[in-house]
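Here is a set of questions and answers on how structural terms are applied to one protein model.

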Amino acid sequence: PRQCTTSCLAGGECVPEVCQYADARVGGRQASLTQWFSDSSISFMLPPGLGASQNVNITTGRRKQVQALEGFFTYDAPVESRVFPANAPTRGTLALTVHGKNFGTQATTARNLAVGETTCFSVNWISDSHITCQGLQRGTGSYKEVRVNIQGAITEGSQNGGRMNPDGGLTRAFSYDRPKITGINPSNGPTVGYVTGMTILGSNFGMG
């Protein structure tokens, strides 16, 4: 915006109006409430965004000179607080909701989510504090790490529902249900020799 000031002396004589132009952009996004204070200071309201090493472009002066500060600003990394559900059966496909903050401000944000070594087929942005994982293939095992990657920024997991990983992500956050035995067939056999063809019945044995 264009800001103009007029200075007047004690005797009533005024200096002609001086106008300054001030504008700011962060990562290509327009800042708001940009205000020029002096030759060495302007302020502005940071636009919503995410990502590391964002360029800051400042346009000032009556001639609208542009100053580019490359990689000058970094938005806070995504923070993951908990995963729901924290456990699930071992077969079929799975839907997860990840709670946290700094997940971005729009559905078009580039992102992915992995549970252990398995990546979600589809990650849906709900809000800055919620994303969902759709179509995660089932598996086996306990205490899986859940890691969110949003435009190259990996989550800094909080300690609610899991343990922070210094390299990003939330450890011990998700487990597949433990195997459960419901029966054995046949349920009896001879006391001497071997029993062949025994079948163990149950659930959560994993997928072949």
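The questions below ask why particular labels are used.

Q: What kind of model is this, and how are its residues numbered?
A: This is a predicted model, in which local features need pLDDT of at least 70 and side-chain atom pairs count only at pLDDT 80 or more, while totals for chains, interfaces and linings use all residues. Residues are numbered from 1 along each chain as its sequence is written, and side-chain values use heavy atoms, with hydrogens and water left out.

Q: What makes β8 and β13 the edge strands of their sheet?
A: The open sheet has four strands in the order β8-β10-β14-β13, with antiparallel pairing. Within it, β8 (79-84) and β13 (122-127) each pair on one side only, and they are the edge strands. Neighbouring strands of this sheet are turned by 25 degrees against each other on average, direction ignored, where the axes are lines fitted to C-alpha atoms and angles run from 0 to 180 degrees between N-to-C directions.

Q: How do you know that β10 and β14 are paired?
A: Two strands pair if DSSP finds at least two bridges between them, and strands themselves are DSSP runs of E with at least two residues, numbered from the N terminus. Six bridges join β10 (residues 93-101) to β14 (residues 130-137) in the antiparallel sense, so the pairing criterion of at least two bridges is met. Among the residues involved, V98 has I131 of β14 as its bridge partner, and H99 stands opposite H130 in β14.

Q: How do you know that β13 and β14 pair, and how many residues lie between them?
A: Five bridges link β13 and β14 in the antiparallel sense, and the two strands form a hairpin with two residues between them. Here W125 has I131 of β14 as its bridge partner.

Q: Why is the pair F73 and Y75 called edge-to-face?
A: Rings of Phe, Tyr and Trp (its six-membered ring) pair if their centres lie within 6.5 Å; planes under 30 degrees apart count as stacked, over 60 as edge-to-face and the rest as tilted. By this rule the count comes to two aromatic pairs. In one of them, the ring centres of F73 and Y75 are 5.1 Å apart with the planes at 90 degrees, so the pair is edge-to-face. The rings of F174 and Y176, with centres 5.2 Å apart and planes at 85 degrees, are therefore edge-to-face as well.

Q: Why is Y75 called buried and F73 partly exposed?
A: Buried means under 20% relative accessible area, exposed over 50%, and partly exposed in between (1.4 Å probe, protein chains only). Y75, at 11%, therefore counts as buried, whereas F73, at 28%, counts as partly exposed. In the other pair, F174 has a relative accessible area of 1% and is buried, and Y176 is buried at 6%.

Q: What makes the contact of E145 and R147 a salt bridge?
A: A salt bridge is a side-chain nitrogen of Lys or Arg within 4 Å of a carboxyl oxygen of Asp or Glu. The side chains of E145 and R147 meet at 3.6 Å, N to O, so the condition of lying within 4 Å is satisfied. A search of the whole structure finds one salt bridge. R147 is partly exposed, with a relative accessible area of 26%.
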